[in-house]
Amino acid sequence: MILAQLRDGELAYGLTPLLDRASLVVEDGERIGLIGRNGSGKSSLLGVLARRTALDDGELQWRVGLRIAMVEQEPLLPAAPTLLEALRQRGGFDALGDDRSRWQAEARLAEFLERLGVDGSAAPASASGGERKRAALALAFALGADLMLLDEPTNHLDVDGIRLLEDLLLGGPASVFVTHDRYFLDRVATRIVELDRGWLRSYPGNYAAYAARKGDELAAEVVANRKFDKFWAQEEVWIRRGVEARRTRNEGRVRRLEALRSARVARRERLGNVRLAIDARERSGKLVAELRDVGHGYGGRSLVRDLSLTVMRGDRIGVLGPNGAGKSTLLRILLGTLAPQRGSVRTGTHLQVAYFDQMREQLDLDRSVAETVAPTSDWVEVGGERRHVTSYLADFLFSPQRAGTPVRALSGGERNRLLLARLFARPANVLVLDEPTNDLDVESLELLEQALQDFPGTVLLVSHDRAFVDNVVTQTLAPLGDGRWHEYVGGFSDWLAQRPAAAAPAPVEAPRTGDAAVEARARTKLSYREQRELESLPAELESLEAEQRQLEARMGDAGYRLTAPAQMAADARRLAELGELLTQKLDRWEALEAEAARLRAR
């Protein structure tokens with residue numbers, strides 16, 4: 001059964017058409033993976049299918065009574081006291097027919113919020129982008145739509161969250177989703193649709209099947225264009241002979257040449273690729289870091305326990321694990337920026353570390369693209385070569401006009417490319433990459449993979465992109481629980497095959513409604529808010545302890561006696577406050593740990 005049908009759709013912003021007489025049919029039961037380069041118009045196409053964006057020309061038909069749920073790349077939630085209330089407003093629960101329908105919808109929403117780890121009582125204003133994304137996904141599943149439209153649904157989800165989403169989609173309604181996650185596409189998609197230069201091309205099967213066919217098509221397109229250009233050049237030479245071309249019997253040939261010129265102008269060349277090269281002029285020492293019986297934690301909870309690990313030059317280590325497992329703490333210990341509470345750490349010599357931040361906090365939104373890469377000059381030096389910043393930015397698909405654009409005007413994919421450009425413009429022999437794949441298209445991902453494979457230095461990678469981890473790393477570190485970490489040879493797939501059976505995720509059950517949903521929400525684990533509080537306490541304790549140490553050191557300094565009396569009194573009050581806060585938070589930690597242990601034992 002056809003759910004939606006697009007015929008000869010045309011849509012353009014500026015001079016470049018995003019849809020150029022594009023056609024698409026979405027049938028019941030299909031799971032369509034929509035792929036294409038950044039900026040090709042994938043999100044705009046989802047907006048068209050969702051009836052939010054009007055076509056410039058063409059026709060879009062829907063099945064009568066079709067219910068559509070859309071989750072944007074950065075979902076917007078109505079202003080409300082809680083996330084749950086914001087989702088009720090977004091989902092139009094007040095417009096539902098009777099009380100029973102509204103109650104069932106709210107029960108389903110509570111069920112999916114719990115499944116996706118969202119605290120419905122949290123304030124929307126303080127929710128992170130990931131929390132808003134998971135909340136919007138929970139609502140989309142709860143609404144029971146006939147067609148789901150999802151824009152980058154795996155962003156901000158850890159591996160277990162992505163696998164849960166895959167299971168929900170496999171048992172759910174028809175869907176069209178934009179994603180760069182190749183594992184996700186391989187497992188979920190029944191068809192791949194590529195948006196390329198305004199055209200939609202359909203490929204049955206998953207991403208692996210698409211990749212095989214696409215390579216052959218691109219090769220054939222190059223050959224066809226070469227033949228076209230050769231014939232066109234011959235005709236241009238002929239027309240310039242003049243006299244023969246003006247003879248009446250050759251008027252048809254002249255018209256054919258005019259048609260060739262028009263076709264050549266209309267032919268839109270395939271977009272260029274990002275050109276990535278990482279500057280690693282100075283080699284680090286052979287040893288990068290050596291950990292011996294390292295332990296670190298707070299309030300009785302271990303984030304790292306008895307870990308011994310050696311990182312050598314050229315190693316590519318993937319750090320896996322859910323949010324809050326201690327990945328950032330482990331990286332800081334490896335780099336020598338955090339002293340462990342137990343054990344020893346030895347770092348190597350001549351380390352030049354470059355850090356990629358998934359939150360893009362290194363980007364100044366008010367600076368231009370060019371100033372971000374070269375803040376004090378119009379030139380950058382990469383690999384011993386001096387290049388103008390606009391030429392260098394062209395390698396990352398930024399035009400000279402785009403170089404003057406402020407960072408705040410860039411899309412998510414463009415900001416990621418800019419951060420990579422900034423990162424690779426500086427010499428480094430150790431790369432620390434925290435979720436570098438978000439918002440990058442598949443082709444850029446593959447090019448980044450190749451650059452990292454060719455990089456002679458050391459790579460420490462945190463990523464939930466399973467294919468990227470598989471293609472980049474040589475070993476993985478993954479948590480076993482209770483602060484214990486284990487090193488595995490290979491990437492994500494190798495970890496999946498080697499990890500203890502007990503670590504495998506439980507199968508996803510079908511969603512329950514009505515009384516069954518209420519019964520399923522009986523307390524068997526900490527609430528999301530409690531779990532979030534438990535995970536945040538280590539960082540809070542670390543910050544308080546650091547402030548306490550600094551204050552005690554300052555008060556114990558010989559020159560402190562010259563401090564003003566008012567400041568001495570304020571310091572004494574703050575020192576007392578810190579002691580009380582540490583006691584309160586440690587007590588709270590112990591209480592939450594005890595409650596979690598009690599619930600696990602049920």
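In the predicted model, strand E10 and strand E11 (residues 301-312) pair in the antiparallel sense, and 8 bridges are found between them. Within this pairing, His-296 has Val-304 of E11 as its bridge partner. The two strands form a hairpin in which 2 residues lie between E10 and E11, and in the turn Gly-299 adopts a positive phi of about 55 degrees.

Strand E10 is also joined to strand E13 (residues 342-347), with which it runs antiparallel and shares 5 bridges. In this second pairing, Leu-291 stands opposite Val-345 of E13. Of the 12 residues that make up E10 (residues 287-298), 10 are buried, and the strand is therefore largely enclosed by the rest of the structure. In a regular strand, side chains alternate between the two faces of the sheet.

Beyond these strands, the structure holds 7 aromatic pairs. One of them is formed by Tyr-183 and Phe-492, whose rings meet edge-to-face, with a centre-to-centre distance of 5.9 Å and an angle of 90 degrees between the planes. Because Tyr-183 lies in helix H6 (residues 182-188) and Phe-492 in helix H15 (residues 492-498), this pair ties together parts that are 309 residues apart in sequence. With a relative accessible area of 26%, Tyr-183 is partly exposed, whereas Phe-492, with a relative accessible area of 3%, is buried. Tyr-183 and Phe-492 also belong to a cluster, linked by ring pairs, that includes Trp-495.

A further pair is made by Tyr-207 and Tyr-210, whose ring centres are 5.4 Å apart and whose planes stand at 45 degrees, so that the pair is classed as tilted. Both residues lie in helix H7 (residues 207-239), and because they are 3 residues apart there, they are separated by about one helical turn. Tyr-207 is buried, with a relative accessible area of 9%, and Tyr-210 likewise counts as buried, at 7% relative accessibility; the cut-off applied here is a relative accessible area under 20%.

Aromatic rings are also found beneath charged side chains. Arg-51 lies over the face of Trp-62, at 4.7 Å from the ring centre, and Arg-417 lies over the face of Phe-398, at 5.1 Å from the ring centre.

Note on methods: Residues are numbered from 1 along each chain as its sequence is written. This is a predicted model: local features need pLDDT of at least 70, side-chain atom pairs count only at pLDDT 80 or more; totals for chains, interfaces and linings use all residues. Side-chain values use heavy atoms; hydrogens and water are left out. Buried means under 20% relative accessible area, exposed over 50%, partly exposed in between (1.4 Å probe, protein chains only). Helices (H or I, at least four residues) and strands (E, at least two) are DSSP runs, numbered from the N terminus. Two strands pair if DSSP finds at least two bridges between them. Rings of Phe, Tyr and Trp (its six-membered ring) pair if their centres lie within 6.5 Å; planes under 30 degrees apart count as stacked, over 60 as edge-to-face and the rest as tilted. A charge sits over a ring if NZ of Lys or CZ of Arg is within 6 Å of the ring centre and within 35 degrees of the ring normal.
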